[in-house]
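Visitor: I should like to go through the packing of this structure in a few questions. May we begin with the coordinates in view?

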Amino acid sequence: MLRDRLHIFPVFIVIYVPVSFFITYGIAVYNGNVKPDFPYISDTGATPPESCVFGQLLNIAAVVAMFVFYIRYKQIDTYQRTCPRKAVSRVNKVAFVIGLLAAFGISMVGNFQEGNVWIVHMIGAFLAFVFGGVYCCFQTYLSFKLPNIPGSTRNLRIGRLVICVLDFAFMVAIFVTFRFTKSSSSIRPGCWTTKEPGMSACLASTISEWIISFLTCIYVATFTPEFKYFELIKAKILFHELTRNNEVPGNENSETQSNGTVVTTAITETSAKY
């Protein structure tokens with residue numbers, strides 16, 4: 001039962017995603033498809049067989065991330081119902097949509113390798129990194145707007161703000177240095193050596209990318225203490241019993257017997273919890 005263990009999912013993200021990256025990195029280096037000196041994360045999953053593993057692992061991460069973002073959305077939505085504020089509600093909804101797009105971008109990065117469908121891969125990377133950063137900023141805003149939400153602390157809110165600032169700084173570093181990695185050589189950056197003229201810029205870009213990925217995972221992990229005070233209840237399920245004519249009644253089930261008597265059967269209602 002996970003109704004009171006929702007904090008497991010942020011912990012899963014912060015462990016699973018880095019491990020996934022290191023698995024594909026190890027396979028790629030072992031097969032000689034990338035150099036061991038900090039390749040782009042995408043380069044570690046650009047060539048079979050690691051590309052297959054890379055795609056599968058990121059698909060799982062994307063699904064779990066979507067679930068985490070949904071839990072966070074419902075948590076804030078439920079908490080502020082007693083004293084609703086339009087600004088908080090709107091930001092919460094927008095943040096949820098942006099989070100879903102960021103998670104979808106993660107799946108796109110894994111399924112569309114840069115060597116096969118470059119433009120789609122880059123769109124996915126943009127969604128994952130940029131939208132992921134925007135999601136963190138919105139959640140930081142909500143954290144300061146709702147300081148009394150169970151599990152929230154001042155240090156936690158400041159920590160989220162620091163992560164957002166660092167995320168923005170390394171994002172700028174990627175955009176500044178990335179263009180040098182595309183113009184300096186025709187060889188894929190993951191296969192560069194120290195002799196390549198743009199290797200310094202490449203390392204700055206790749207290291208920034210790895211750091212942003214880890215920072216985002218850490219940010220998601222900050223939801224852990226707040227999720228401990230939150231339960232997610234399943235939606236109610238209504239079962240309609242069909243009549244002899246296979247008709248579904250509106251609010252009750254009526255069945256006519258052979259003697260003309262109408263028999264009414266109440267709808268079965270179930271409600272379960274996680």
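Guide: Certainly; please note that this is a predicted model.

Visitor: Beyond its sequence neighbours within four places, which residues is Val68 in contact with?

Guide: Val68 is one of the two residues with the most contacts inside the largest nonpolar core, which has 41 residues. Leaving aside neighbours within four places in sequence, its contacts are Phe9, Pro10, Ile13, Val220, Phe223 and Phe227.

Visitor: Which helix gives the most to this core?

Guide: Elements that give two or more residues to the core include helix 1 (8-30), helix 2 (50-79) and helix 6 (199-221). The greatest contribution, ten residues, comes from helix 2.

Visitor: How many residues apart in sequence are the parts tied together by the pair Phe22 and Phe214?

Guide: The two rings form a tilted aromatic pair, with 6.1 Å centre to centre and 35° between the planes. Phe22 belongs to helix 1 and Phe214 to helix 6, so the parts joined by this pair are separated in sequence by 192 residues.

Visitor: Is Phe96 buried or partly exposed?

Guide: The rings of Phe96 and Tyr70 form a tilted pair, their centres 6.1 Å apart and their planes at 55°. Tyr70, at 34% relative accessibility, is partly exposed. Buried means under 20% relative accessible area. Phe96 has 17% relative accessibility, so Phe96 counts as buried.

Visitor: Over the ring of which residue does the charged end of Arg160 sit?

Guide: The distance from the charged end of Arg160 to the ring centre is 6.0 Å. The ring in question is that of Tyr219.

Methods:
Residues numbered from 1 in each chain as written. Predicted model: local features only at pLDDT ≥ 70, side-chain atom pairs only at ≥ 80, totals over all residues. Heavy atoms only, no water. Core = buried A, V, L, I, M, F, W, Y, C linked by side-chain atoms within 4.5 Å. Buried < 20%, exposed > 50% of the residue type's maximum accessible area, 1.4 Å probe, protein only. Helix = DSSP H or I, 4+ residues; strand = E, 2+ residues; numbered from the N terminus. Contact = heavy atoms within 4.5 Å. Phe/Tyr/Trp six-rings, centres within 6.5 Å; stacked < 30°, edge-to-face > 60°. Lys NZ or Arg CZ within 6 Å of the ring centre and 35° of its normal.
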